[in-house]
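Got your viewer open? Let's take a walk along this chain, one selection at a time.

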Amino acid sequence: MTTKPTSDAASGWDQATYRCGRCGVKHTVTTEDAYLKTVGVHSDAHTVWDRLNPIERDGLVSILRTILSAPDLAVELLALADRQHLTGGGTQPPPAVPGKNTPQPDSSPSNTTARATE
Ligand SMILES: [Zn+2]
């Protein structure tokens, strides 16, 4: 990925404004490359948005806000997901580790209710 400055003389214009006919958003760009990229990305966004239902849109927006505010978290989540795919994780949750400072009594009521469901 390189950011190469495009000379204005080559493209023949100083800046251009892209206005979306569907949502009315405006983007002013100063290079032809940026213009083409802006139009392409915005068009892709509409395509993705159109395929989602309102619940999915809410979820996606929530995820994007989290990820965009913490890019490192996104990288770690993807790495975690890849690791889970490789190890087949998710089907076998890790065993619960009781707290070291709070010993659990053997006669806990949760054991009784768990046995009743079998
Ligand atoms: Zn639009």
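Start by selecting Tyr 18, which stands opposite His 27 in E2. Before moving on, a word on what you're looking at: this is a predicted model, where local features need pLDDT of at least 70, side-chain atom pairs count only at pLDDT 80 or more, and totals for chains, interfaces and linings use all residues. Residue numbers begin at 1 along each chain, following its sequence as written.

**The strand pair**

Now select residues 16-19 and 26-29. These are strands E1 and E2, and they pair in the antiparallel sense over 4 bridges. For strands to count as paired, DSSP has to find at least two bridges between them. Ala 16 is another residue to click on here: it stands opposite Val 29 in E2. The two strands form a hairpin with 6 residues between them, and Gly 24 in the turn has a positive phi of about 85°.

**Into the hairpin loop**

Select Cys 20, in the loop between E1 and E2. Is Cys 20 buried or exposed? Neither quite fits: Cys 20 counts as partly exposed because it has 15 C-beta neighbours inside 10 Å. (Buried means 20 or more other C-beta atoms within 10 Å of the residue's own, exposed means 12 or fewer, and partly exposed is in between; C-beta atoms are placed from the backbone.) Which residues does Cys 20 touch, leaving out those up to four places away in sequence? Highlight Val 25 and His 42. A contact here means C-beta atoms, placed from the backbone, within 7 Å. You can also draw a C-alpha to C-alpha distance from Cys 20 to Val 39: 8.4 Å, with their positions 19 residues apart in sequence.

**Leaving the strands**

Next stop is Thr 31, in the loop between E2 and helix H2 (32-51). Thr 31 has 19 other C-beta atoms within 10 Å, so it is partly exposed. Add Asp 14 to the selection: its C-alpha atom and that of Thr 31 are separated by 7.4 Å, although the residues are 17 apart along the chain.

**Two helices**

Select residues 54-69 for helix H3. Its 16 residues reach 23 Å from first C-alpha to last, close to the 22 Å expected at 1.5 Å a residue. That expected span is 1.5 Å times one less than the number of residues. The number of buried residues in H3 is 0, so the helix lies largely in the open. Within H3, click on Leu 60. Leu 60 counts as partly exposed, with 13 C-beta neighbours inside 10 Å. From Leu 60 to Trp 49, 11 residues apart along the chain, the C-alpha separation is 9.5 Å.

Then move to residues 71-87, helix H4. Its 17 residues should span 24 Å at 1.5 Å a residue, and the end C-alpha atoms are 25 Å apart, which agrees. H4 is hardly covered, with a count of 0 buried residues. Just after H4, look for Gly 88, which takes a positive phi of about 70°.

**Zoom out**

Show the whole protein chain: there are 5 helices and 2 strands. (Helices, H or I with at least four residues, and strands, E with at least two, are DSSP runs numbered from the N terminus.) From the N terminus on, the order is α-β-β-α-α-α-α. Of the 118 residues, 0% count as buried.

Finally, colour by pLDDT, the predictor's confidence in each residue, from 0 to 100. The chain averages 79, and 64% of the residues score at least 70. Among the elements, helix H1 (residues 8-11) has the lowest mean at 51, while H2 has the highest at 95.

How values were computed:
Two residues are in contact if their C-beta atoms, placed from the backbone, lie within 7 Å.
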